[in-house]
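Colleague: Could you take me through one part of this predicted model closely, and then show me how its surroundings are built? I would like a connected account rather than a list.

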Amino acid sequence: MTRIWVINPNTTEAMTATIEQCARAVVAPGTSVTGVTSEYGPPSIESHYDEAMSVPGLLQAIQRGEREGVDGYVIACFGDPGLDAAREVARGPVVGIAEAAMHTASHLGRGFSVVTTLARTMGRAADLAEHYGMQRFCRGIHACEIAVLDLETDPDAQKIVTEACRDAVESDGSDVVVLGCAGMADMCASISAELGVPVVDGVTAATLIVQSLVTMGLSTSKRGEFAAPPPKDYTLGG
């Protein structure tokens, strides 16, 4: 049995439930998916500060997973917070959802558009596209101006996200849409059906990549910078 933890780096349990359901729907028999909510940090991640504050809880969850024998991890936030640090800590593979979604979209067309939540997060998405070598495929980044937590509660959220995706495809001339928030994971199929283009959700993409890496017996190399961090006595605030 392959065990994958899909870690929500914020503290909102309802979002974790949605993420877990979407991830479980795509894995093969013999793979167990568990959604894990960070024990401390922000209720949503919508700023650089939020992202920084989410990392300690994320790493704590991975350290717990290591003690419990988890095979691989998904970081279910589109900012991919703490990804490099997580790869130092985990024995198995760790994949971020922005990383997975962008690479998956690059296989499906000549170019993709990212549709995210608030405009203030667009710069982070652009940074990640550059970091992952996806600039040649990323034709535009768009915000629908819905706060992350409102994706769960606003009855018009899916309609607003769908229209933002439609506008992105038309304005960018894109072949594919990447949804830029884990909280949009359950909208993927319906938006794709309405627009007639592939719509990539990073939660499912990352989950399947982790599953594939574990199946192939592959993990992050520990030869260089992703070796376990040197042991130190850390000073923690009270």
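Modeller: The part I would begin with is helix α4, which spans residues 97-106 and is largely enclosed by the rest of the structure, because eight of its ten residues are buried. Those buried residues are I97, A98, E99, A100, A101, M102, A105 and S106, where buried means that under 20% of the relative accessible area is left. Please keep in mind that this is a predicted model.

Strand β1, residues 2-8, is another element that is mostly covered, with six of its seven residues buried. It pairs with two strands: with β2 (residues 31-37) in the parallel sense over seven bridges, and with β3 (residues 72-75), again in the parallel sense, over four bridges. A useful residue to find on your display is I4, since it marks both pairings: I4 stands opposite V33 in β2, and I4 also stands opposite G72 in β3. The connection from β1 to β2 involves helix α1 (residues 13-24), and the three elements together make a right-handed β-α-β unit.

From the covered elements we can turn to the open spaces. The largest pocket holds about 390 Å³ of space, and of the 14 residues that line it, the closest to its centre are L59, Q63, V89, Y234 and L236. Two elements, α2 (48-67) and α3 (83-89), give two or more residues to this lining, and α2 gives the most, with four residues. By class, the lining of the largest pocket consists of ten nonpolar, two polar and two charged residues.

The second largest pocket holds about 320 Å³ of space, and 25 residues line it, of which I45, E46, C77, G79 and T121 are the closest to its centre. Here the elements that give two or more residues to the lining are α2 and α5 (122-131), with α5 giving the most, three residues. The classes in the lining of this second pocket divide into eleven nonpolar, ten polar and four charged residues.

If you step through the model in this order, you can start from α4 with its eight buried residues, go on to I4 of β1, which faces V33 in β2 and G72 in β3, and then look for helix α2, which is named among the contributors to the lining of the largest pocket and to that of the second largest pocket.

Methods:
Residues are numbered from 1 along each chain as its sequence is written. This is a predicted model: local features need pLDDT of at least 70, side-chain atom pairs count only at pLDDT 80 or more; totals for chains, interfaces and linings use all residues. Side-chain values use heavy atoms; hydrogens and water are left out. Buried means under 20% relative accessible area, exposed over 50%, partly exposed in between (1.4 Å probe, protein chains only). Two strands pair if DSSP finds at least two bridges between them. A crossover is right-handed if, with the strands pointing away from the viewer, the path from the first strand over the helix to the second runs clockwise. On a 1 Å grid over the protein atoms alone, a cavity is a set of points where a 1.4 Å probe fits but cannot get out, and a pocket is an open set with protein on both sides within 12 Å along at least five of seven lines; lining residues have an atom within 4 Å of a point. Grid points are joined across faces, edges and corners, and a volume is the space filled by probe spheres set on the points. Ala, Val, Leu, Ile, Met, Phe, Trp, Tyr, Cys and Pro count as nonpolar, Asp, Glu, Lys and Arg as charged, and the others, Gly among them, as polar.
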